[in-house]
Amino acid sequence: MAIASLARRKASTIFSSRYLYSTSKYSFSVSRGFASGSDENDVVVIGGGPGGYVAAIKAAQLGLKTTCIEKRGTLGGTCLNVGCIPSKALLHSSHMYHEAQHSFAHHGVKFSSVEVDLPAMMAQKNKAVAGLTRGIEGLFKKNKVNYVKGYGKFLSPSEVSVDTLEGGNTVVKGKNIIIATGSDVKSLPGLTIDEKRIVSSTGALALTEVPKKLVVIGAGYIGLEMGSVWGRLGSEVTVVEFASEIVPTMDGEVRKQFQRSLEKQKMKFMLKTKVVSVDTVGDGVKLTLEPSAGGDQTTLEADVVLVSAGRVPFTSGLGLDKIGVETDKAGRILVNERFASNVPGVYAIGDVIPGPMLAHKAEEDGVACVEFIAGKEGHVDYDLVPGVVYTHPEVASVGKTEEQVKALGVDYRVGKFPFLANSRAKAIDDAEGIVKILAEKETDKILGVHIMSPNAGELIHEAVLALHYGASSEDIARTCHAHPTMSEALKEAAMATYDKPIHI
């Protein structure tokens, strides 16, 4: 007989890391409307990215008079303008081209030739971005959020001076100010990004031709995604990584399968390798490399080098030192469980505070922060923020990796199911990948789920919900899944965790 999830949660709370926040009240004026420079807002948000614009909309929905300040002139931040959204557009377009080249004939779709129209591909990407940014402006109008376009900096804990994009200046006042300025590309010593031959992810999204040779510095999410885009379009891609493994936060077993998959797609890896210098030579770039542990130097030539060594909090020019906001050594703003800084009335969310630098995490921060300001309860469980690499196949995960579970010294079980045994995956001839579930041995409580498959980023959310409610693997296994679907692989992996799968 299946044991209910509630009983399992009572049986084991060792992995529960959710915060239970108190509900102390904040006073505020409950009035909506557009604010001029002299009006006092209940909430002022500096930054219109995923965290900032979501916080602004939520604040207005809660009856708080709200202004959002954004320096870019278009809402959505890095994610929408030069990050998550345009990269997914190019990942999809390049995948379609790759499928046309390598898979269509197997499905009986034949044509004499196929070619890349890069300007058209970029135009489709730009159209998607423009439509979404306009959509957020529409949401601001609908919810009566005042939108100020310009660069904001603190005059005091309740005043922000804004140099507007039109060339003027205005002062925006607020009882509560939320810093949501996001992050910027992490630079490497002695390396100058010109966004032409030495590019960040921003430049990699706007190349005017397909480079013959592309070198990616950094084997994280962004580097592998952008490497996949240009590799599919014809570039010879080499990834240089200082560490011994790609995507170090990924479950080790899944990581190995993922790397093999990328290598089959002709992506090359140089692990345990340090970039000593990068020099532009003629129309190309020359990299000097050496082993991470030291040793003989080698050279590597490329047409374009993508610097993808991580991101850093963006707080430059905000005047944090002027009002005394404390930061850590990495430049992140220190906040408490209510997202409040050490300065009363000043809050911070998203990439400028500790935690995963992910757009969806920033959105959750924004909602929770505003709920606290409004005297309600907010909640974000950073242990249950899903991560997705949007390559093909995708890799998605939530909860603990097997390495983390071992380090905790907890007895556990592992259930796995390959997509080669999934009927939908076989039917569409796209069956590379696996589902892996980790569960506590005594109680069967799910500790982590890892999926490598087409559309893994869509499949992972059943697991996210399961972990949030403390479900067991048996709970998923006894839940009816439609047939034929890719999600049945998750059900079968759950069956393999607490008992035995049917289809393997």
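User: How many salt bridges does a search of the whole structure find?

Analyst: The search finds 13 salt bridges. The model is predicted, and the pairs below are taken from it.

User: What makes the contact of K268 and E236 a salt bridge?

Analyst: The side chains of K268 and E236 meet at 3.5 Å, N to O. The cut-off for a side-chain nitrogen of Lys or Arg and a carboxyl oxygen of Asp or Glu is 4 Å, so the pair at 3.5 Å qualifies. K268 belongs to strand β10 (residues 268-270) and E236 to strand β9 (residues 236-240), so the salt bridge ties together parts that are 32 residues apart in sequence.

User: Why is K268 called buried, exposed or partly exposed?

Analyst: K268 has a relative accessible area of 43%. Buried means under 20% and exposed means over 50%; 43% falls in between, so K268 is partly exposed. E236, at 36% relative accessibility, also counts as partly exposed.

User: How do you know that R255 and E245 form a salt bridge?

Analyst: Their side chains are 3.3 Å apart, N to O, and the limit is 4 Å. The pair therefore meets the definition. R255 sits in helix α8 (residues 252-264) and E245 in the loop between β9 and α8, so this pair ties together parts that are ten residues apart in sequence.

User: Is R255 buried or exposed, and what is the value?

Analyst: R255 has a relative accessible area of 7%. That is under the 20% mark, so R255 is called buried. For its partner E245 the value is 35%, which makes E245 partly exposed.

User: What makes the contact of K436 and E402 a salt bridge?

Analyst: The N to O distance between the side chains of K436 and E402 is 2.6 Å. With a limit of 4 Å, the pair therefore counts as a salt bridge. K436 is in strand β20 (residues 434-440) and E402 in helix α11 (residues 402-408), so the bridge ties together parts that are 34 residues apart in sequence. Both K436 and E402 are buried.

User: Which residues are linked in a network of salt bridges?

Analyst: The network of salt bridges links D251, E253, E402, K416 and K436.

User: Why is S87 called buried or exposed?

Analyst: The relative accessible area of S87 is 5%. Buried means under 20%, so S87 is buried. S87 is in helix α4. Not counting residues up to four places away in sequence, S87 touches L205, E225 and M226.

User: What makes the pair S87 and K88 a polar contact?

Analyst: The two side chains are joined at 2.7 Å. The limit is 3.5 Å, and residues adjacent in sequence count only if both atoms are side-chain atoms. The contact of S87 and K88 is between side chains, so it is accepted. The side chain of S87 also reaches the backbone oxygen of G83, at 2.8 Å.

User: Where is D42, and in which strand?

Analyst: D42 is in strand β1 (residues 40-46). At a relative accessible area of 2%, D42 is below the 20% limit and is therefore buried. A polar atom of the D42 side chain lies 2.7 Å from the backbone nitrogen of K65.

User: How do you know whether P248 is buried or exposed?

Analyst: P248 has 61% relative accessibility. Exposed means over 50%, so P248 counts as exposed. P248 is in the loop between β9 and α8. The C-alpha atoms of P248 and A219 are 8.8 Å apart in space, while the two residues are 29 residues apart in sequence.

User: Why is I504 called buried or exposed?

Analyst: The relative accessible area of I504 is 61%. This is over 50%, so I504 is exposed. I504 lies in the segment after α15 (488-498). Leaving aside neighbours within four places in sequence, I504 is in contact with F417 and P418. I504 and N422 are 82 residues apart in sequence and 9.3 Å apart in space, C-alpha to C-alpha.

User: Which residues form a nonpolar patch on the surface?

Analyst: The patch is formed by F104, V109, F111 and V114, with about 300 Å² of accessible area together. F111 is in the loop between α4 (84-102) and α5 (118-143). Its relative accessibility is 40%, so F111 counts as partly exposed. A patch residue needs over 30% relative accessible area, and F111 at 40% therefore passes that mark.

Definitions and conventions: Residues are numbered from 1 along each chain as its sequence is written. This is a predicted model: local features need pLDDT of at least 70, side-chain atom pairs count only at pLDDT 80 or more; totals for chains, interfaces and linings use all residues. Side-chain values use heavy atoms; hydrogens and water are left out. Patches are made of residues with over 30% relative accessible area and no salt bridge: like charges are joined within 9 Å, nonpolar side chains (Val, Leu, Ile, Met, Phe, Trp, Tyr) within 5 Å. Accessible areas come from the Shrake-Rupley method with a 1.4 Å probe; for residues, only the protein chains shown count as cover. Helices (H or I, at least four residues) and strands (E, at least two) are DSSP runs, numbered from the N terminus. Buried means under 20% relative accessible area, exposed over 50%, partly exposed in between (1.4 Å probe, protein chains only). A polar contact is a pair of N or O atoms within 3.5 Å; within protein, one must be able to donate a hydrogen and the other to accept it, and residues adjacent in sequence count only if both atoms are side-chain atoms. Contact means heavy atoms within 4.5 Å.
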